[in-house]
Amino acid sequence: MTNNKHPTIKKKIYIILPSYNEEKTLEEVVEELVLRGFNILIIDDGSSDNTSVIGQKLKNKYKNVVFYYRHMINIGLGGAIKTGIKAGLEKGADILITFDADGQHNPDDLYNIYPPLQDDEADVVIGARNFQDMPTSRRYGNSLMNFVTFIFQGHSVKDSQSGLRGFNRYAAESLNINSPQYGVSSEIIGEIKRKNFRFKEVPMTTIYDEHTIQKGTNTMVGIKIVIEFLNNMFR
């Protein structure tokens, strides 16, 4: 729930919602974000369920607040984020924040993300989860990816695979995203180092249930990302 203690939104903020088969959670997530005063960019990454129907309904319900974009085929998380950044910049966003559409993020954590960006304290802010609270498979997968990210990208962070990330306009315009899939999370960490962005990590909570546990970076996803990195190295 919102309260008067939350920091004031002083800049134009757009939330990027990469969405792939999120018919169960998309509407509730968008409603919570709209309630808090954010603009929303739904990026439907070629969903085969009713995500497109729900996305269009929300766009019509919240005109000039919620915007809906659809990939005709499933490209992957990196492709969805890239589309969202492009759309947000075209709409004049000062701050862009990626947010998972599956319901695993607490919307109130956004109040930790955007203040350092709008107060010019950071170019990139990433929410860091408490790994001890993760289910075992997710903890191993994310720990592996922290190590892999450091090896391939040369930058150590608390939570390289966090889906809750904020960028000021300068950082968003400067990002060079090539990975179309989950490797984008580690690629963003590498960009922070390569572009010398001012970077801050803030605590966040994660809501784990049967739906959210099935998604995200488990050990197998981590292995696939490693293979993707190796393929890119030897091209």
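This tour moves through the structure one selection at a time, from the whole chain to single residues.

**The whole chain.** Keep in mind from the start that this is a predicted model. With everything displayed, you are looking at a protein with nine helices and seven strands. Of its 235 residues, 52% count as buried, and among contacts between residues at least 6 apart in sequence, 79% join residues at least 24 apart.

**The largest nonpolar core.** Select Ile15, Leu17, Val30, Ile40, Ile42 and Ile97, which touch the most other members of the largest nonpolar core, a set of 30 residues. To see where the core comes from, colour the elements that each give two or more residues to it, namely strand S1 (13-19), helix H1 (26-35), strand S2 (39-45), helix H2 (51-61), strand S3 (66-71), S4 and H4. A second, separate core has 25 residues, and Ile43, Phe167, Val184 and Ile189 are among them.

Now centre the view on Leu17: which residues does Leu17 touch, not counting residues up to four places away in sequence? Its partners are Leu26, Val29, Val30 and Leu33, then Ile40, Leu41, Ile42 and Ile43, and finally Phe99, Asp100 and Ala101.

**From S4 to H4.** Asp100, one of the residues touched by Leu17, leads to the next stop, because the side chain of Gln104 makes a polar contact with the side chain of Asp100 at 3.2 Å. Gln104 lies in the loop between strand S4 (95-98) and helix H4 (110-118). Is Gln104 buried or exposed? With a relative accessible area of 3%, Gln104 falls under the 20% limit and is therefore buried.

Continue along the chain into H4, which is mostly covered, since eight of its nine residues are buried. Select Leu110, Tyr111, Ile113, Tyr114, Pro115, Pro116, Leu117 and Gln118 to display these buried positions, and then show what covers them, which includes S1, H1, S4, strand S5 (124-128), strand S6 (165-168) and S7. Just after H4, Asp120 takes a positive phi of about 60 degrees.

**Two asparagines with positive phi.** Most residues other than glycine have a negative phi. Against that background, select Asn21, which has a positive phi of about 55 degrees although it is not a glycine, and which lies in the loop between S1 and H1. Asn196 likewise has a positive phi of about 55 degrees without being a glycine, and its place is the loop between helix H7 (184-194) and strand S7 (199-203). As for their surroundings, Asn21 counts as partly exposed at 24% relative accessibility, whereas Asn196, at 66%, counts as exposed.

**The loop before H7.** Select Asn178, in the loop between helix H6 (169-174) and H7; its relative accessible area is 55%, over the 50% limit, so Asn178 is exposed. Add Ile188 and draw a distance between the two C-alpha atoms: the residues are ten apart in sequence and 9.8 Å apart in space.

**The second largest pocket.** For the last stop, select Glu28, Val29, Gly103, His105 and Ile207, which lie nearest the centre of the second largest pocket. This pocket has a volume of about 220 Å³ and is lined by twelve residues, which divide into four nonpolar, three polar and five charged. One of the residues nearest the pocket centre, Val29, is also among those touched by Leu17, which brings the tour back to the core where it began its closer look.

Conventions. Residues numbered from 1 in each chain as written. Predicted model: local features only at pLDDT ≥ 70, side-chain atom pairs only at ≥ 80, totals over all residues. Heavy atoms only, no water. Helix = DSSP H or I, 4+ residues; strand = E, 2+ residues; numbered from the N terminus. Buried < 20%, exposed > 50% of the residue type's maximum accessible area, 1.4 Å probe, protein only. Polar contact = N/O pair within 3.5 Å; in protein donor to acceptor, adjacent residues only side chain to side chain. Core = buried A, V, L, I, M, F, W, Y, C linked by side-chain atoms within 4.5 Å. Contact = heavy atoms within 4.5 Å. 1 Å grid on protein atoms, 1.4 Å probe; cavity = no way out; pocket = protein on both sides within 12 Å on 5 of 7 lines; lining within 4 Å. Points joined across faces, edges and corners; volume = space filled by probe spheres on them. Nonpolar A, V, L, I, M, F, W, Y, C, P; charged D, E, K, R; others polar.
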